[in-house]
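Reader: I've got a model open and I'd like to learn how to read its features. Could you walk me through a few?

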Amino acid sequence: MDRSVASLLDRIYEQYERWRAGPPLAGAELAQFFSAVGRTAAVIGRSDITAEVERLIHRLNGQTERQWTAEEVLMEMVPLLRCFYEAGKAASSTIPFSHRQGPRATILLCGNDPLFFAYVCGALQPLPWRFMTIPSFEQAASSMFRISPDCMIVSVKEEEWENPDLMVLLERAGQRPYLPVVIVSKDERKEGRLKGYELGADDVIACPAADELFVRVRRLVEKKRKIDDLVLIDELTGVYNRKYLPQVYVRLRSELERSGTPSCLALLDLDHFKQINDRFGHLAGDAVLRKLAAFLRQHTRGGDTVIRFGGEEFIVWLARTSRSEARAVLERLRRQFAAETIDADGERLSCTFSAGLVEFRDPDQPLDYWLRVADRALYAAKRGGGNRIEEAACEEGECLDEDVRPTQTDQQRWSVAIVDDDELVRVMIADLVRKLAAEQEREVEIYEFDDGLSFLESPLYESGRRSVVILDRVMPRMDGLEVLHRLRRERKPCKVMMLTSRQDERDIAHALEQGADEYVTKPFKWLELEARLRRLLKELDA
């Protein structure tokens, strides 16, 4: 990017920052600014920018009554930004179709570079990659373990190389088994590149076009997966090995400290496994281990973690799960696995497991403490005859053997609360919930509220019933984030989907930070809304 084009892009960035700090804008005001951009582009000989500016002004003039937020304008500018970063070439068209259907990946975009990040998200939109943008280095460092990205792209300005928060971010990234980091900077000096590598970056590039960035990031994501497989995956069963356990603990402890959301650790052990080895041989025993591992991976939820702890012992760490929810999950797993058959070198076997369960709710206790507590509960399950779940009840940080007790199931109908001040939105979402309930032949109770305070004062909230709460971000009387904060502070057993008309990724990241399970932006993509809602409703049965 030559100096004159870079200067024009800086001018757009400065204006965008002013828009972001101010009230919504009229289309005429926006058109006036972009007309000036088009005239400058013509002077420097960039007719492609001038032509795209004219198309942008036409789109703005087509909605004369609309008030535009800065984030909405940014989304409209994506085609214009491509002219700056691609010099008129359609970079995403060079991405092979096979990669658009390839593995999913989570990419964390970090730094205060909204124009470049909006361009990247728009140009790489066909890929099955999930982009999350966090502008603050400090916030990204604290959120990294919870987000668990496959790659981190950090935008660094020339004056930010010595920023302490940047150094902390990259140092923390290096504490993970392997998290690839790409630094993107307009600083093309050799000193800047060397500084980036010294700080731990895997790649340092100067604001590339999307196709080049895609190739570099894809290579690093593939490298990460190979390293993870070599270091963290148990060779026999294909699940994580115990080396991965401290990483899970750090992530869930951070979540507990931040939002007060508990999780549960279950230590599983195959019943009478030695008899299987003695009677059928170790190859049959290996088949049983592989079967249990595959079963656990298939039947646990996306946020849960399965680890082979050693021998015939496995750990299932159930994220964002209360004690009662974990009981129901493990009881379901126990019954289903007991009904499975295992083909072991011509023999048809069946097997059961026992488990000890503990709720992780004290971040000051070390990992070994929770393992000991779960092991005591597991011992009680074995002592009781096996093929059962025992739970260690914790009071004031102490978990005692005499407090273990059998699990119970708690089946109930679906309960869904729709909290939105837009009546039409409530009606449409309620219809969608009824459709999903009919598909699953389930009964459902739907509660509608036109503001957050009415929901918090309702019998549904006071009952503490497990439910899905669909929560609008901006409402009269009480902001949606305030409602979410109350739900998490009081540890209500709710799955929360946040709705927002704000396209700013910082708002989305903030909602996730506060404990939202899902978010959907307005105007809705109904297939996306249905898929996300279907997942949350399914988790009510877990």
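**Reading the fold**

Author: Sure. Keep in mind that this is a predicted model. Let's begin with a sheet: five strands pair in parallel, making an open sheet with the order S20-S19-S21-S22-S23.

Reader: Which strands are the edge strands?

Author: An edge strand pairs on one side only, and here that goes for strand S20 (444-449) and strand S23 (518-521). From one strand to the next, the twist averages 15°.

Reader: How many bridges join S19 to S20?

Author: Six, with strand S19 (residues 414-419) and S20 running parallel. To find one in your viewer, pick serine 415: its bridge partner in S20 is glutamate 445.

Reader: What lies across strand S21 and strand S22?

Author: Helix H20 (residues 480-489) does; S21 covers 467-472 and S22 covers 494-500, and the helix runs at about 170° to S22.

Reader: Okay, on to crossovers. What does the chain pass through from S14 to S15?

Author: Start with the pair itself. Strand S14 (residues 353-360) is paired with S15 in the parallel sense through four bridges, and alanine 355 sits opposite isoleucine 389 of S15. Between the two strands the chain goes through helix H16 (residues 367-383), giving a β-α-β crossover that is left-handed.

Reader: Are the faces of strand S15 covered or open?

Author: For a strand, check each side in turn. In S15 (residues 389-392), Ile389 and Glu391 are buried on one side, Glu390 and Ala392 are buried on the other, and both faces are covered.

Reader: Now helices. Why is helix H5 largely enclosed by the rest of the structure?

Author: The general idea first: an α-helix has 3.6 residues a turn, so residues three or four places apart point the same way. In H5 (residues 78-86), seven of the nine residues are buried, so the rest of the structure largely encloses this helix. The buried ones are Val78, Leu80, Leu81, Cys83, Phe84, Tyr85 and Glu86. Their cover includes helices H1 (3-21), H2 (27-43), H3 (47-61), H4 (70-76) and H7 (114-123). Just past H5, look for alanine 87, with a positive phi of about 55°.

Reader: Last one: which residues of the largest nonpolar core touch the most other members?

Author: Phe34, Ile107 and Leu115, out of 59 residues. H7 supplies the largest share of this core, with eight residues. Beyond its neighbours within four places in sequence, phenylalanine 34 contacts Trp19, Val53, Leu56, Ile57, Leu60, Val73, Met77 and Leu80. There's also a second, separate core of 47 residues, with Leu170, Phe449, Leu456 and Val496 among them.

Methods
Residues are numbered from 1 along each chain as its sequence is written. This is a predicted model: local features need pLDDT of at least 70, side-chain atom pairs count only at pLDDT 80 or more; totals for chains, interfaces and linings use all residues. Side-chain values use heavy atoms; hydrogens and water are left out. Two strands pair if DSSP finds at least two bridges between them. Axes are lines fitted to C-alpha atoms, for helices over the stretch in contact, and angles run from 0 to 180 degrees between N-to-C directions. Contact means heavy atoms within 4.5 Å. Buried means under 20% relative accessible area, exposed over 50%, partly exposed in between (1.4 Å probe, protein chains only). A crossover is right-handed if, with the strands pointing away from the viewer, the path from the first strand over the helix to the second runs clockwise. A nonpolar core is a set of buried Ala, Val, Leu, Ile, Met, Phe, Trp, Tyr and Cys residues joined through side-chain atoms within 4.5 Å.
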